[in-house]
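Thanks for making the time this morning. I would like to walk through one structure with you, beginning with its overall layout and then turning to a single loop residue and a pair of cysteines.

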Amino acid sequence: LGEGSNQNPNRAWAWTFWEATVPAPALKGGEAGTKVDICCKATDYAHNCQPETPDSIWNLRGLNNNSWHHVKVVLEDALA
């Protein structure tokens, strides 16, 4: 965590910005053209976690959708 990492886990009730560096060679061999799905799933201090899909929380306006976030990437050759 960056800013806000000093928050008491029992009192942190807001979005927290964070970042991670994921080494490409560790992802399915790191071969160019490999398709990777990076998934973000938050878990709190009490081990509650986000729903996997918005199916159980869906509403007409799309409010409160906090399901797992996916980013699909394709690995490229760093030397190309």
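When I speak of strands here, I mean DSSP runs of E with at least two residues, numbered from the N terminus. Please keep in mind that this is a predicted model. The protein has two strands and zero helices, and Gln 50 sits in the loop that runs between strand E1 (35-40) and strand E2 (69-74).

Is Gln 50 buried or exposed? Its relative accessibility is 16%, and because the cut-off for buried is under 20%, Gln 50 counts as buried, in a protein of 80 residues of which 9% are buried. Leaving aside residues up to four places away in sequence, Gln 50 touches Cys 40, Lys 41 and Ala 42, and also Asn 66, Ser 67 and Trp 68. With Asn 66 there is a polar approach as well, since a polar atom of the Gln 50 side chain lies 2.5 Å from the backbone oxygen of Asn 66.

Cys 40, which is one of the residues that Gln 50 touches, is partly exposed at 26% relative accessible area, and Cys 39 is also partly exposed, at 35%. Why, then, is there no bond between the sulfur of Cys 39 and the closest cysteine sulfur? That closest sulfur belongs to Cys 40 and is 7.0 Å away, which is too far for a bond, given that a disulfide requires sulfur atoms within 2.5 Å. The structure accordingly holds zero disulfides.

Finally, for the protein overall, the exposed area is about 7,400 Å², with 54% of it supplied by carbon and sulfur atoms.

How values were computed: Residues are numbered from 1 along each chain as its sequence is written. This is a predicted model: local features need pLDDT of at least 70, side-chain atom pairs count only at pLDDT 80 or more; totals for chains, interfaces and linings use all residues. Side-chain values use heavy atoms; hydrogens and water are left out. Helices (H or I, at least four residues) and strands (E, at least two) are DSSP runs, numbered from the N terminus. Buried means under 20% relative accessible area, exposed over 50%, partly exposed in between (1.4 Å probe, protein chains only). A polar contact is a pair of N or O atoms within 3.5 Å; within protein, one must be able to donate a hydrogen and the other to accept it, and residues adjacent in sequence count only if both atoms are side-chain atoms. Contact means heavy atoms within 4.5 Å. Accessible areas come from the Shrake-Rupley method with a 1.4 Å probe; for residues, only the protein chains shown count as cover.
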